[in-house]
Amino acid sequence: MIDTIVIAARVRSLAPETPEGADAVAIADGRIVAVGPRSEILPLAGPGTALVTHPTATIIPGLVDAHSHPVFSLGIVRGLSLTDVHTYDELVAALERGRAEQAGDEWFLAWGLDPTAFEGRPLGNAVLQEVLGDERPAYITMFDAHSGIASAAALARAGIDAPVTHPDGSGAVGDQDGKLTGHLIEFPTMEILERALPELGFSDRVAQLRGLLADMAAVGITAAHVMDLQDADALDLLAAIEASGELPVRLRISPWVTPETTDDEVAALIALQGHGGRRYRVEGVKFFIDGTVEGGTAWLASPDAEGEGLSSAWAPAEAYAERVRRFDRAGVPTATHAIGDQGIRFVAETLAALPPGGVPHRIEHIESAEDDVIALIGANGIVASMQPTHCTHHVRSDGSDDWSRRLGPERAARAWRTADVRRSGAILALGSDWPVAPFDPWEIMADAQGRRRVASAGSAPVAPDQALTALQALEGYTTHAHRAVGSDGGRLAPGAPADLVVVDRDPLDASPEDLLAARVLLTLVDGVATAGR
């Protein structure tokens, strides 16, 4: 028996076999039974069939955020959001507001700060001292989540008492006099500080994660590729949610592999594949070949404006390649964070050299890449996983942002070459990298088409020749996101899981401004509403 029939003004199924004029989808037992005109679908209804009608809306496949950190974000998105701070005056004003809001807390916490807001001032904790005084422990996680700023009191709590720089570029920054600035770079150093922060209780984390996933479902996300398993209790959190209901979003989890990961730990990660629950599963692993441009840890072919960026996170980098080959032989897909041009090149060459016909492998971010590397990615079936709003939120067309300044005009001109990736024939999966950028897929698809921050009136486009079409943007969240993990899903077709979204406008016939205002009316996973009605 048909459980549900969803009717709208049109269906954008992304399946070529869908009949012309389709405006209805029939669902039974969590799967799509039929897609077509309502005149053909309604006769399938039985006495118990629920009819859901949105007369002016559009039915599309469920949206997949191809790069996200929902569990890891629980430890980052704490305290004051600084995501809308763009100038030093705005930073001071925001910290003063946060000081009042967190007056009763021992620690002052904030997150999401773009270093461009320092407007050329030294990146450090002087602003925290200016606003909060000398004695209060305070910590800001920067927008890229690869660096942070700690007050002097916080550094003391964590036992960080001297500048240090490690071979991979991580460390605690010192000024010319050898005094700590409070700027902490990359995870190994940040984790020392973060161990001193107040802990969140398990039940609080469960509630926060459930709420976050519900918020994702509310904007049409039905699945996410989770690029970490760093939190020791991550799988327990997910199991706890499923013990009392269903996850609002399917989660495909890829644990990290670092240079410190041992052979035994690699074997354990291989054995962990497939472990999970009803809507979450460990599938694949995640590498880092480098860090970030803004932190000076992206692996570049030549130094950045600060003389930094010449190191891989792996020393030697060939050790990374051997690890990738081991996972490939075991049939485990890999995803590699690669941001600098040399890092992207090394990863692309490593993946291109793997035996053909294996599991899909991905490169995450691809912020600045040369022509031949883009061609190599396309020619060898390497998946590109990119985040358009990293460009539109943090790069300025005049080159005055920190990313462009560090790279210089030539490399900055190669910013986020999404259109060139598609022209190369490569799979292009789109995502947010939450909490680095907001997870709203409509803003991301709008910015991908406009190549500017559409939400900011009058913003100038960055590399407009890299704009995606409306169809390419939607494919990045549907068919290409599925192909990125070796699936032919992302289409509304008979037999497919009933993961779909009803949205109040046609995403293939909307301007970027209209798309930004899209409102999701209904999200279904396995034919069950996770948001809307």
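Leaving aside its neighbours within four places in sequence, which residues is Glu-186 in contact with? Keep that in mind as you start clicking around this predicted model.

**Stop one: Glu-186.** Select Glu-186 and you'll land in the loop between strand S14 (180-185) and helix H5 (187-194). Now show what surrounds it: beyond those sequence neighbours, Glu-186 is in contact with His-146, Ser-147, Ser-170, Gly-291, Thr-292 and Thr-297. Glu-186 is buried, yet it has no salt bridge. Want to see the nearest side chain of opposite charge? Select Lys-286, which is 10 Å away from Glu-186.

**Stop two: the largest cavity.** The structure holds five cavities of 30 Å³ or more, and the largest one has about 250 Å³ of space. To find it, select Asp-144, His-146, His-390, Asp-433 and Val-436, which are the closest to its centre among the 25 residues that line it. You've met His-146 already, as a contact of Glu-186. Next, colour strand S19 (285-288) and helix H12 (388-394), the elements that each give two or more residues to this lining. Sorted by class, the lining has twelve nonpolar, eight polar and five charged residues.

**Stop three: Trp-434.** Jump to the loop between strand S23 (428-430) and helix H16 (441-450), where Trp-434 sits. Is Trp-434 buried or exposed? It counts as buried, because its relative accessibility is 13%, and the cut-off for buried is under 20%. Now add Pro-70: it is 364 residues from Trp-434 along the chain, but their C-alpha atoms are separated by 6.9 Å. Leaving out residues up to four places away in sequence, Trp-434 touches a list of residues including His-67, Pro-70, Trp-111, Leu-212, Met-216 and Phe-439.

Technical notes: Residues are numbered from 1 along each chain as its sequence is written. This is a predicted model: local features need pLDDT of at least 70, side-chain atom pairs count only at pLDDT 80 or more; totals for chains, interfaces and linings use all residues. Side-chain values use heavy atoms; hydrogens and water are left out. Helices (H or I, at least four residues) and strands (E, at least two) are DSSP runs, numbered from the N terminus. Buried means under 20% relative accessible area, exposed over 50%, partly exposed in between (1.4 Å probe, protein chains only). Lys and Arg count as positive and Asp and Glu as negative; His and the chain ends are not counted. A salt bridge is a side-chain nitrogen of Lys or Arg within 4 Å of a carboxyl oxygen of Asp or Glu. Contact means heavy atoms within 4.5 Å. On a 1 Å grid over the protein atoms alone, a cavity is a set of points where a 1.4 Å probe fits but cannot get out, and a pocket is an open set with protein on both sides within 12 Å along at least five of seven lines; lining residues have an atom within 4 Å of a point. Grid points are joined across faces, edges and corners, and a volume is the space filled by probe spheres set on the points. Ala, Val, Leu, Ile, Met, Phe, Trp, Tyr, Cys and Pro count as nonpolar, Asp, Glu, Lys and Arg as charged, and the others, Gly among them, as polar.
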